[in-house]
Structure formats: structure tokens, C-alpha cells
Amino acid sequence: MIGAVRSWLTSIAAVTLMLTVVQTLVPEGTLRKISGFTGGLLLLAALLQPVLKTDLGRLRLDFSDYEAAIGERAAELDVAGKEELAAIIAGRTAAYISDKADALGLRVTARVETEPGVDGTPLPASAELTGPYSRELADWITGELGIPAERQVWHEGKN
């Protein structure tokens with residue numbers, strides 16, 4: 001590897017030296033411009049020599065590790081997104097229950113748990129309510145939010 005780099009640098013130095021000598025010997029005018037252009041092409045060829053000698057047929061790019069990492073990251077982001085959505089749905093559902101309780105003249109705080117639905121979307125699954133029990137509110141939670149009475153836990157007298 002070091003030998004190849006040394007050889008490449010030596011060829012660049014030789015071409016540069018040769019071009020300098022030619023430029024000083026050629027008189028001003030059209031011939032000097034042509035020799036300068038030709039010399040520039042030779043120097044470019046010397047600079048690109050390692051690239052031109054590369055056998056691209058032997059070059060193998062393995063992106064399987066990257067594909068696996070991208071897949072894992074996408075799965076992590078999907079889980080995090082669903083967790084965030086579940087937290088938002090739980091919070092808004094609890095606020096909705098509290099608003100309904102206020103409308104009924106009750107002081108109730110709610111905590112809602114979610115579970116994934118058929119399509120994976122988080123849905124309200126259970127509610128833990130602190131405040132006086134209200135049959136009307138319990139029925140409303142069952143009918144409006146789909147949380148059955150057996151998944152409603154009431155803590156009375158702790159408010």
C-alpha cells in the first residue's frame with residue numbers, strides 16, 4: 001500500500017517537473033498555450049491514475065448491516081410513536097371524562113389506560129376514577145368510550 005502511494009506521488013512529481021521544464025523552454029504564443037493545455041491533461045491523468053486502475057468489478061458494497069440497522073431503528077420509532085399516541089389518547093380521554101363529570105356536577109379525576117385495537121391503534125381500555133361513584137357517569141363511560149363497567153375502578157372518598 002505504501003509502495004503504491006509512493007509510486008503515485010513520484011509519478012505526479014515527475015510529470016510536474018517535466019511540465020515546468022517544457023513551459024520554460026516553449027516560447028510565448030499559441031504553442032505555449034497548447035503545451036500548457038496538454039500538460040494539464042497529462043497531470044490530470046497522473047492524478048487520476050489510481051482511480052483509472054481500480055477494478056470496479058471486484059468492488060463489493062455490502063449494505064446489509066445498514067439495512068438491518070435502518071429496520072431496527074424504524075421498529076424503535078414505530079414503538080415510540082405508538083407509546084406517544086397511547087399517552088395522548090389516555091390523557092385526552094381522562095380529560096374528557098373529567099369534563100363530563102364536571103357537567104354532571106361531580107368532582108372526579110380520571111386515569112385511563114389504553115390497549116392496542118385490531119389495527120394497532122391504542123384505544124381506551126380501562127379507567128380509574130377518584131371521586132363519588134355516579135351510575136350516570138359510569139353508563140356514559142361505557143356507552144361513549146366503550147370502557148365496560150368491570151374495567152372501571154372507582155375510589156370514593158379520596159378526592
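**Entry 1: the sheet**

I looked up the sheet and found three strands in an open arrangement, ordered E1-E2-E3 with mixed pairing. E1 and E3 are the edge strands, each pairing on one side only. I noted an average twist of 25° from one strand to the next. The model is a predicted one, and I read every value below with that in mind.

**Entry 2: helices on the sheet**

I then checked what packs on the sheet. Helix H4, residues 64–103, does so and touches E1 and E2. The direction of H4 makes about 145° with that of E1. H5 packs on the sheet as well, touching E2 and E3. For H5 I wrote down an angle of about 155° with the direction of E3.

**Entry 3: E1 against E2**

How many bridges join strand E1 to strand E2? I found eight, between residues 109–116 of E1 and residues 122–130 of E2, with the two strands running antiparallel. As a register check I took Val112, whose bridge partner in E2 is Ala127. The two strands form a hairpin, with five residues between them. In the turn I looked at Gly120, which has a positive phi of about 95°.

**Entry 4: E2 against E3**

I moved to the other pairing. E2 and strand E3, residues 152–155, run parallel and are joined by four bridges. Here I used Thr130 for the register; its bridge partner in E3 is His155. I also looked up the connection: E2, helix H5 (residues 135–145) and E3 make a β-α-β unit, and this unit is right-handed.

A general reminder to myself: strands of a sheet pair through backbone hydrogen bonds, either parallel or antiparallel.

**Entry 5: the core**

Last, I looked up the nonpolar cores. The largest has 17 residues. Which residues have the most contacts inside it? I listed Ile97, Val108, Leu129, Leu137 and Ile141. By element, H4, E1, E2 and H5 each supply at least two residues of this core. H5 gives the most, with five residues.

**Entry 6: cross-reference**

I set the entries side by side for H5. This helix belongs to the right-handed β-α-β unit with E2 and E3, touches both of those strands where it packs on the sheet, and gives the most residues to the largest nonpolar core.

Definitions and conventions: Residues numbered from 1 in each chain as written. Predicted model: local features only at pLDDT ≥ 70, side-chain atom pairs only at ≥ 80, totals over all residues. Heavy atoms only, no water. Pairing = 2+ DSSP bridges. Right-handed = clockwise from strand over helix to strand, strands pointing away. Axes fitted to C-alpha atoms, helices over the stretch in contact; angles between N-to-C directions. Contact = heavy atoms within 4.5 Å. Core = buried A, V, L, I, M, F, W, Y, C linked by side-chain atoms within 4.5 Å. Buried < 20%, exposed > 50% of the residue type's maximum accessible area, 1.4 Å probe, protein only.
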